[in-house]
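Subject: Structure for your review

Dear colleague,

Please find below the structure that I would like to hand over to you. My notes on it follow directly after.

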Amino acid sequence: MLLSDDVVKKIMEWLTKVDHLDLTKLTRIEEEVKAHFPGFDSFYSFGHGPFLQFVTHHKELLEAIEQVLSSQSDLAGNNVSSHSVSWANVLDFILQCGKDVSHVSIQYCR
């Protein structure tokens with residue numbers, strides 16, 4: 001099992017590098033963090049549960065995500081299309097999926 005602090009630190013490094021955040025980017029961050037720690041076949045195998053659940057259990061990660069999404073929203077200004085999703089919706093989605101113990105597919109998140 002990896003130390004939780006090591007995983008948090010690596011996720012924070014990625015979150016500070018991104019200028020926008022969506023579910024695709026979160027998936028990419030999960031993959032990059034997993035790749036950083038060789039010998040693990042999935043994020044779940046770190047021993048801390050699924051990625052979204054891990055994120056929801058660490059206030060500093062949720063705050064970093066909120067900050068990126070807020071900055072992203074500020075940059076978009078009034079040019080936000082009708083198909084955009086607010087940062088509150090993304091955080092809500094993350095919180096809902098974080099409660100799910102399934103690490104196989106995001107389709108099970110409700």
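Is Phe 54 buried or exposed? In this predicted model, Phe 54 counts as buried, since its relative accessibility is 2% and the limit for that class is under 20%.

Aromatic residues

Phe 54 belongs to a cluster in which ring pairs also link Phe 37, Phe 40, Phe 43, Phe 46 and Phe 51. The number of aromatic pairs comes to 5. One of them joins Phe 43 and Phe 46, whose ring centres are 4.9 Å apart with 50° between the planes, a tilted arrangement. Phe 43 is buried at a relative accessible area of 2%, and Phe 46 is buried as well, at 0%. Phe 43 also pairs with Phe 54: the centres are 5.6 Å apart and the planes stand at 65°, so this pair is edge-to-face. Because Phe 43 lies in the loop between H2 and H3 while Phe 54 lies in helix H3, the pair ties together parts that are 11 residues apart in sequence.

Lys 34, in helix H2, touches several members of this cluster. Leaving aside residues up to four places away in sequence, Lys 34 is in contact with Phe 40, Asp 41, Ser 42, Phe 43 and Phe 46. Lys 34 itself is buried, with a relative accessible area of 18%.

Helix H1

Helix H1 covers residues 4–17. At 1.5 Å a residue, its 14 residues should span 20 Å, and the C-alpha atoms at its ends are 20 Å apart, which agrees. Its buried residues are Val 7, Val 8, Lys 10, Ile 11 and Leu 15. They occupy an arc of only 165° around the axis, which means that they lie on the same side of H1. The face turned away from that buried side carries the exposed residues Asp 5, Lys 9, Thr 16 and Lys 17. As for Lys 17, its charged end sits over the ring of Trp 14, at 4.7 Å from the ring centre.

Residues of H1 also meet His 58, which is found in the loop between H3 and H4. His 58 counts as buried at 15% relative accessibility. Apart from residues up to four places away in sequence, His 58 touches Ser 4 and Val 8. Along the chain, Ser 4 and His 58 are 54 residues apart, yet their C-alpha atoms are separated by 9.6 Å.

The nonpolar core

In soluble globular proteins, nonpolar side chains tend to be buried together. Here, the largest nonpolar core has 26 residues, and those with the most contacts inside it are Ile 11, Leu 21 and Ile 65. At least two residues of this core come from each of H1, H2 (23–36), H3 (51–56), H4 (59–76) and H5 (87–98). The most are given by H4, with 6 residues.

Which residues does Ile 65 touch, not counting those up to four places away in sequence? They are Leu 15, Leu 21, Leu 26, Val 55, Leu 91 and Ile 94. Of these, Leu 15 was named above among the buried residues of H1.

Yours sincerely,
A colleague

Definitions and conventions
Residues numbered from 1 in each chain as written. Predicted model: local features only at pLDDT ≥ 70, side-chain atom pairs only at ≥ 80, totals over all residues. Heavy atoms only, no water. Helix = DSSP H or I, 4+ residues; strand = E, 2+ residues; numbered from the N terminus. Expected span 1.5 Å × (residues − 1). Buried < 20%, exposed > 50% of the residue type's maximum accessible area, 1.4 Å probe, protein only. Arc of directions from axis to C-beta. Core = buried A, V, L, I, M, F, W, Y, C linked by side-chain atoms within 4.5 Å. Contact = heavy atoms within 4.5 Å. Phe/Tyr/Trp six-rings, centres within 6.5 Å; stacked < 30°, edge-to-face > 60°. Lys NZ or Arg CZ within 6 Å of the ring centre and 35° of its normal.
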